[in-house]
Each structure stands twice: as C-alpha cells, then as structure tokens.
Amino acid sequence: MATVFKPDETFRDDYRYGNSDSAILRFPFPFGEDGYMYGVNIEPHSRPGSSGAFAVAFDVDEHYVSECAERATALALEPGRCLVLPHMREAEWDTLELIMESLAADYPDQFALERQGDDWTWTNRPLGLHQRFRFGDATTLPHPPFEYIVRQAQGDFTLQDQRDGTLYIDGGIATTPADWSLAFDVGMTFHEWHGPVPLAHQAGVFDRALQYLMRVRYGHPARRLNWTMTINPRLDTSPENYPLWGPDRASLTAQTIGSRLFLRVELQSFFRLPRSNALLFGIRTYLASLDELTRVPKWGRRLHRVMRDLHPDIAEYKGLSRYHDLLVAHLAAYDDGRPTEPGIAPDINVLAG
Amino acid sequence: MMDTQTLTLAVAEAAFVAPGLRRITLVAADGARLPPAAPGAHVTLALPGETRILRNSYTLVGADPCAGYTMIVRRSERSRGGSRHIHEVLQVGDVIEATMPHTLFALHSQAKKHLLIGGGIGITPLLAFVAHLRARGGLFELHQIAGAGEACVFETLLAPRAGERIHVHAGRTGLDLVALLAAQPLGTHVYTCGPAGLMDAVDATAAALGWPRSHVHREDFGAAGGEPFMLRLAASGIEIAVAGDQTMLEAIEAAGVDTPSLCRGGACGVCIVPVREGTPEHRDHFLSEGERARGCHVMPCVSRSKSPVLVLDL
Ligand code: HEM
Ligand code: FES
C-alpha cells in the first residue's frame, strides 16, 4: 500500500500530529507480555516480525515529510545537534551508502540511486531532491555526508567506533532524543554512556549487549525496542531544552491525559558498516497517544498492567513518577481483566470507531 | 531487506605471482556491485575438497565494489584441498559461494603510528593496511619476513615504496623485535600476521616491554562454525546432524522442531536448553562461569559440542 504523507504535521509549538488507523495498527508496541523489565531484548533485523515497522531496514511512514522538516528546524536552531568526530569520515560515507541503498531498494517509487563508479545520482521524490555527487568527495554535497543523509531519514543515528574491546560513541545526530545529550555523551564508551540507567548494569544486561553488538556483522543487522513517555507529540526532548518540555509533566489532568500523553517507542537498529567497521545505531521514534493505542483492546489492557506494575526505579528514570497515579487510573478503564495473547501484535486487522 | 547471507562470486582473474602464490580476483557472478570492505577484512569461500565442501577464510588484499575482491593464496603443503583447489583447478569464470566480508583485524582509529609485522603469506592484510594508510597519509612502518627465495616477490607486492619505511627481511633472524618495538614512539599500535610463532613472539615482546594489551593486534578469522556433531533430542528421540557451518539452533529448526530464540547471538538467554549427556562447547555471553562448568545448560544459537554426541532435554 502506497504511503500517503502528512506534510503539515508539527512536533513543537502548535503540535499538529496524529496517526491514521493503519499507522496505529503498525505501531511497534513494545510490550510482548503483561510486565516489563530490562533485558537483552535484541533480535536480528533481517526478517519481518510482528510489527509492520520491522519490514524494512529503514521504515518510512506517513510522518516522513514532516519529520524531515522538524529535523531541519531543529538543526537551524542548534547546528551542534549533529556532531561527528574527524576519525569517523569513512563511517559517514558508509552511512550515506547504506541508507540510500536501502531506501532505493525498499521504496523504489519514492527513492532512486544510480551509480557509475563513484559518480552517484540520488533522487528523493517525497522531499523533491535530485542530487548528483561524487562518492567520497564531500565538496560535491550541500552538507557533510552523514548530515546530508540523516536529514532525509526519520529518527536519530549515532556512529560507534569499535576499539579497545568496547564501542565509543564518536558521532551522531540527536534532534529527537529522549532526554539524553549527544554533546555530553560523545567520546564515551558503551558502559559510560549507559551510566545513568538503573538496574540493568547489575543484571549484566550491558555486558551481554556489548558482546553481542561487537559481533554484529555486515549484512546481519539487529534491532530492539525501547520506550518512554512524552507529553505532547514532541520529538525534541533534549536535556538542553528541558525548560521547554519538562514542566508539561505537571500539566496533565484526567481530562487531557488520553490525548496529550504519548507512548514514545524507539525502534533501535544496529548495522555494521563495511568500510569503517563502525557500528551505526538507529533510534527511530514512534509516537502514539493513549487514546490512539487504547483503540487496540489488547494494547489497552496490557498497557494498564505494565504501567501499574512498573518498577519504581524505572518509572523514576523515565520521568513518569510525577503522573504515574493518573496514568494507571486512566488506563484501568481499558482493562477488563481478560487474559492477553503473548507478543506485541495488535491481533486485530481493523480498528473499531 | 538486507538479509543476504552469502555472495555468489565469479573468478575474473587468476595468476601466479610466485611459484606457490596465486592471486585471484572475484567479482559478483551477476555483475552487480559487491559490498565494500574495511582493510583487514576477510571472506570465507566454499571450496570443493576431497570429501566435502571446505570453508577457508582469506584476507582481502583489495576490495572494490566494481573491480572486485582480490586475494593471494599460498599453496599449503598440508592442504585439505582448499588451497590446492585454488592452485590446481580454479579457472577464470568459475563460480564460488562466499560469506559477506567480515572484519576482525582492523586498524585502530587512535593510533599515532602503525607498525606492521608480517611473516610469509601473512603479508596479505598488511597489503590492505598499507594501501589504506598510503591513501590517507597515515604514519606506518612495515617489516616483512620472507622465506627462502621469496624476498623479491614481497618487494614487488609492496612497490612503489619510495621514501617509505618498508623492510623485507630474509628470514626471522634478520629482524630484532626487541629493538624494533623498544624504538617506537608512544601511541604506536603493532599489527602482526603470519606463523603463530611470529605472532606469539610479537605479543610476548610487546608485553615484556610494557605495551598496553590494547595496542597489540593480530590476525583473527574468528571461530565461526566448527566440527560437525550429532544431536539427540531426548523428548522426541530425534537425531540431528549439525554440520560444520551450521549452528545447533539452525539444525534443530531445519529438523522441524520449534524452539524459542531471540537474539541468535548468545546474549539474550531465550534459547537456553538443558543438557542431558555430552559436553557442550560454550560460546555464549549468557551463562556464568559456574553454569558453564556444571554443563547442565547450553545456548544452541552459538554453542557447539566437544563430544561427538550431545543429548538435549528437548
Ligand atoms: C550503540 C548502541 C547504543 C547506544 C548509542 C545507546 C545509547 C543509549 C543512551 C544515550 C541512553 C540514555 C542514557 C541516559 O540516561 O543518559 C540509553 C539508555 C538505555 N539503553 Fe542504550 N544504547 C545502545 C545500545 C543498547 C543496547 C544494545 C541495549 C540492550 C539491552 C541498550 C539498553 C538500554 C537501556 C535499557 C536503556 C535505558 C532506557 C530507558 O529505560 O528508557 N542500549 N542508551
Ligand atoms: S537466542 Fe539469544 S542467547 Fe540464544
């Protein structure tokens, strides 16, 4: 089915955003069971899974055009949100090639890549771009290669250099961060940048996850889902801008929580890059309001149980403590006590009105 | 979706660069672009052996998406048939299955200087490193140890070398490792590839001189696959042969038995199975040392068997 873009959405100020029925049904709901705890929830990103969002390497959905406009706005305000250390030049070109190749192969009606040796022509129809350039020569592109391509992709990306038995976060773009700062983390190791996360270190989650990531091979990407919540469909929840969005947490009421509180799911992907041997990390954020999600009966029931039983340290870390009681009380109305099927799929094909 | 497991390659060129050394260039059999590769990357080729398919890993001396992958293969006296096939049978136009390029021997991005030490055919990844460092102006020094009569072959492979620190030594005695390593500036990384004796000597010398472990790199093709073995599933009584290039999990799935898995890389713990008999060869990151020692559980997505038969509670 051809995607119809919604080019007029906004993720700040007047917040014009919503999901179509088909976007709700393909939402990567992150809870496969009625409880949640940190674990090494990584799987190969190579075969379609239980969510439509898993079907291709880089999912392009109805919010594509608006999200690219939001990225341009964020970068215009703060160019430092895109930051790549000099030794990652090769990884920048690797990223550009991987994203261009994938989009052109997965969405041939929207994107095209023609290559004659190092003379490349890139066509991006949704954004109306047609660019000839020389692969490897940054002077032939309007932006550095990594920034050029991530301006045309949904979600944030980071570049990891693999050395000394760990990964270093040595570059990236973060205009849709869930309360973390690239400028602060850049140059850190895997265990250092995960420092603030509660419970998971002690459980050995990061040791195992790192061993797995260091062995991700070219052509065999991996993925996992992570989640948090955001008031309003705001993509840019950076620590630097906390005053712009943090106070919203205190503004929810029983009347507004259903439409103003969004489940924020990150479809995280891990790709080995071929020339640089770096690891590309994709953080693709999906937003859906409680009102949208509870239209799927299984998800409404499960969301209530997960939130009710959430470990307080996790609730605190994710910033939910302030409105947690309100949230559980709101969701209780969608839980009829019936059992839920395992897995994240909505288990329905059509949404009731 | 990017889920390509293998590449189908065709031999575009094959030539002897010396009596025991054959250089081959492989391109995509369908004429498409090949994936690029990092210097130091290798591919594993499936080659016909005397009794079965052999999987041999070869470093890519050159990897160009259009011009193809180049490797130099030494004819091994102890060859089980892989290098013998490449030397005696392989012809332009032959088709070979290969894995995607994989990098376990990589240049370190923070090295102030790269010291490359090769022995014999161990020169192959170093040739890729030299090409990369030349193109980017990286500081390097190379010492290659050549066997009888091969010094001039390596001299040719390393040309042009005007003004570069490249030394070809006739035999091990020509190279004083202690003096060489002791003379390196701070921040130098050493990379070695060649006979195990040479690589061990570089490791030991560096350690004795107090080099940080993280500054010493040696070639590694990894331990993908292994010896074939038999699986018996206690509950169903099914017997399954696990091939050398297959995981236990893949073999169980191929036999039509449904068993849970998630990461398929030994990290998540989902595929865990109790072991009834036999000795697992653990390769996961999930079980603790104590759990491994008890040998009661195994992660079939990555682990194998030390005993010819492994009996699982499945
Ligand atoms: C290169 C890959 C990765 C990058 C760049 C990355 C980055 C991050 C960052 C920046 C944070 C926020 C930390 C903070 O509070 O400042 C985070 C949180 C976290 N990461 Fe990762 N991560 C990566 C891979 C993984 C993997 C493979 C796992 C697997 C288990 C994982 C598990 C987590 C968890 C559980 C959290 C807490 C999230 C929450 O509760 O909202 N990360 N990660
Ligand atoms: S599937 Fe994750 S450990 Fe085997």
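Ligand 1 is surrounded by 23 residues, the closest of which are Y38(A), W193(A), H194(A), Y317(A) and K318(A); a residue counts as near when one of its heavy atoms lies within 4 Å. The model is predicted, so local features need pLDDT of at least 70 and side-chain atom pairs pLDDT 80 or more, while totals for chains, interfaces and linings use all residues. Residues are numbered from 1 along each chain as its sequence is written, chains are lettered from A and ligands numbered from 1 in the order written, and side-chain values use heavy atoms, without hydrogens and water.

Three side chains make polar contacts with the ligand (pairs of N or O atoms within 3.5 Å). In H194(A), a side-chain N or O atom is 2.8 Å from a nitrogen atom of ligand 1. Oxygen atoms of the ligand lie 2.4 Å from a polar side-chain atom of Y317(A) and 2.8 Å from a side-chain N or O atom of K318(A). Two or more shell residues come from each of β6 (156-163), α6 (190-193), α7 (205-214) and β8 of chain A, with α7(A) giving the most, four. Helices (H or I, at least four residues) and strands (E, at least two) are DSSP runs, numbered from the N terminus.

Helix α13 (residues 324-332) of chain A offers a second view. Its residues H324(A), L327(A), V328(A), H330(A) and L331(A) are buried, that is, under 20% relative accessible area with a 1.4 Å probe, protein chains only. These residues fall within an arc of 160° seen down the axis, so they line one face of α13(A); the arc is taken from the directions from the helix axis to the C-beta atoms. On the other side, D325(A) and A329(A) are exposed (over 50%).

Technical notes. Polar contact = N/O pair within 3.5 Å; in protein donor to acceptor, adjacent residues only side chain to side chain.
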